[in-house]
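This briefing covers one protein chain and is meant to be read beside its sequence and model. It goes through the fold, the strands, the charged pairs, the cysteines, the core and the surface.

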Amino acid sequence: MTATDSIIAIAGFLLLAGAFSNKISSRFNLPTLLLFMAAGIFAESILPFNGENYAGQINFFGIAAMCFILFSGGSDTSLSSIRPVALRGILLAMPGVVITALITGIGAFFLLRFEYSFLWCLLLGAIISSTDAAAVFSILRGKGISLKGDLKQLLELESGSNDPTAAFLTLLMIGLVLGTGQGIMVEIPLVVYQLGGGIFAGIFFGWAGRKLFKMKLDYEGLYFVVSVALVLLCYGLTQLLGANGFMSCYVCGIYLNSQRYNYQKALCKFHNGIAWLMQVGLFTVLGFLADPGELISPAIWIPGVALGLLLMFVARPAAVFICLAKSKYSLKEKLMISWVGIRGAAPIVLATFPLAAGVENAALMFRLIFFMVILSITFQGWLLMPVAKMLHLAREADDDDSPAPLELEVTEGSAHQEMEEFRVTEKNPIAGKTLAEIGFPKGVLVTMIRRDGSFIPPGGDTRIQSGDGMLIMAEIPLLQQVKEQFFTEVSTPEKNATAKH
């Protein structure tokens, strides 16, 4: 048995464990990915190499992984769900990140007793300033986690779109620390260009991707190859143009989700799997960068706890209350949004940038960031639902035991149609009626009825019972009309957008 054989076997074990570890994660309200970070830390402690010597390679993998994670997050985000929260979400993702970075950096300058330069502390604040899409998604979309109102949509939009701002601030501060920057006033127009250019590039690549997916390919599997190429081109070409590739990937995913193209559902599920694969690999290799002995040393955990508490109880709430001033959100909702400022893979990936650039004391900065991330995931993730219940913002989560819905795959010929499964409850007005008595509009086809684990061919005299699943096909506008008119109590289960982070 060679070392390569062992590595392949270990990788397979980690992936298999990842597929089932969500049960542990949901029970304790912790992101599954924290378990893989712990696995990476353990592996680094027993393997004969120092992970920090491979910071450049891990940084490269981290960038590629974040591209696929953000693209998948965007492709799982509908425009209709984020439109009501778009303005406030963007405020949290841009000015909110800047405010968080400034307060954390200034606080670090004093908490670290002026031992490091002010610019060095601002760089630390920039790195830790953004919430993490992988961590937030994996918690908010887990079983037993459900928040009232549109808090979930706001938090997911923020976490999916604030990484570009943090990445820009990090690169800006690295240049200033190393003396290669051009000054804040010179860099400000670049912020606008990078973020704005990233948005426009994302729309362009989304449009181009839709055109590519509508082309007839000889083999169905090639559509998945095209989708991977699209993500890589989206990031790489956007970066070559001087814009922000992370923002481009996220916007590209959102744009494609609003369109119709061949094999759309299969491609979305494919990228769900790719995102999980990237997240598992990313958190595991990031664990290689941590030395357990150093993380628990007083030189790290004491300032790490102080900085983590500053971030959670001062910097994050200040950013939230400023950005959400005069908004519809109540005091309790703002407090809840402040609490879900969970850090994760993105800050750790950004913390490898100073290591790769040769910033003085970059190793210390990385360890502080790593400790703060673990503190955030563990403390904030674990207490998320207790805090939500204390603020009376928790609601009963959807039943995860219902069977997976059947779906109609999108192809060129069926792009104007949709098939969805609707659940019937006792409160639903159609319960107890026959299909003939219900009188669905012309053009609506009930293709199948799911009852007690089996399927029933529908007929006019078929009587609908509570608990039935009705598989209905129609034109998209007509299907929406049916949903509003006949299924007001039970809209389509959110299983079609099963959580992937």
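Is R463 buried, partly exposed or exposed? R463 counts as partly exposed, because its relative accessibility is 44%. The coordinates discussed here are a predicted model. The chain has 501 residues, and buried residues make up 52% of them.

**Overall make-up**

- The secondary structure consists of 23 helices and 4 strands.
- Of the contacts between residues at least 6 apart in sequence, 81% join residues at least 24 apart.
- The exposed area of the chain is about 22400 Å², and carbon and sulfur atoms supply 66% of it.

**Strands**

- Strand β1 (residues 417-423) pairs with β4 in the antiparallel sense, over 7 bridges.
- Within this pairing, Q417 stands opposite E475 of β4.
- Strand β2 also pairs with β4 in the antiparallel sense, here over 5 bridges.
- M448 has L471 in β4 as its bridge partner.
- Strand β4 is largely enclosed by the rest of the structure, because 6 of its 7 residues are buried.

**Salt bridges**

- The model contains 7 salt bridges.
- One of them joins E437 and R463, with 3.8 Å from N to O. This pair links distant parts of the chain: E437 lies in helix α22 (residues 435-438), and R463 in the loop between β3 (454-456) and β4 (469-475), 26 residues apart.
- Another joins R451 and D468, whose closest N and O atoms are 2.7 Å apart. Here too distant parts of the chain are linked, with R451 in strand β2 (residues 445-451) and D468 in the loop between β3 and β4, 17 residues apart.
- Both partners of that pair are buried: R451 has a relative accessibility of 15%, and D468 has a relative accessible area of 1%.
- E421, R423 and R450 are joined into one network by salt bridges that share partners.
- In that network, the closest N and O atoms of R423 and E421 are 3.4 Å apart.
- R423 is partly exposed, at 22% relative accessibility, whereas E421 is buried, with a relative accessible area of 4%.

**Cysteines**

- How many disulfides does the model hold? The count is 0 disulfides.
- C67 is in no disulfide, and its nearest cysteine sulfur, that of C249, is 4.2 Å away. The cut-off for a disulfide is 2.5 Å between the two sulfur atoms, so a pair at 4.2 Å does not qualify.
- C67 counts as buried, because its relative accessibility is 4%.
- C234 is likewise in no disulfide; the nearest cysteine sulfur is again that of C249, at 4.3 Å.
- C234 is buried too, with a relative accessible area of 1%.

**Buried positions among the helices**

- Where in the chain is N162 found? N162 sits in the loop between α10 (151-161) and α11 (163-178).
- Its relative accessible area is 0%, so N162 counts as buried.
- Apart from neighbours within four places in sequence, N162 is in contact with A93, V97, S130 and T131.
- Which residues of helix α18 (residues 331-339) are buried? They are E333, K334, M336, I337, S338 and W339.
- These buried residues of α18 pack against α6 (86-93), α10, α17 (298-323), α20 (362-382) and α21 (384-390).

**Nonpolar surface patch**

- V98, L102, I106, F110, F114 and F118 make a nonpolar surface patch of about 550 Å².
- Which helix gives the most to the nonpolar patch? Helix α7 (residues 95-111) does, with 4 residues. F110 is placed in helix α7.
- An α-helix has 3.6 residues a turn, so residues three or four places apart point the same way.

Terms used
Residues are numbered from 1 along each chain as its sequence is written. This is a predicted model: local features need pLDDT of at least 70, side-chain atom pairs count only at pLDDT 80 or more; totals for chains, interfaces and linings use all residues. Side-chain values use heavy atoms; hydrogens and water are left out. Buried means under 20% relative accessible area, exposed over 50%, partly exposed in between (1.4 Å probe, protein chains only). A salt bridge is a side-chain nitrogen of Lys or Arg within 4 Å of a carboxyl oxygen of Asp or Glu. Helices (H or I, at least four residues) and strands (E, at least two) are DSSP runs, numbered from the N terminus. Contact means heavy atoms within 4.5 Å. Accessible areas come from the Shrake-Rupley method with a 1.4 Å probe; for residues, only the protein chains shown count as cover. Patches are made of residues with over 30% relative accessible area and no salt bridge: like charges are joined within 9 Å, nonpolar side chains (Val, Leu, Ile, Met, Phe, Trp, Tyr) within 5 Å. Two strands pair if DSSP finds at least two bridges between them.
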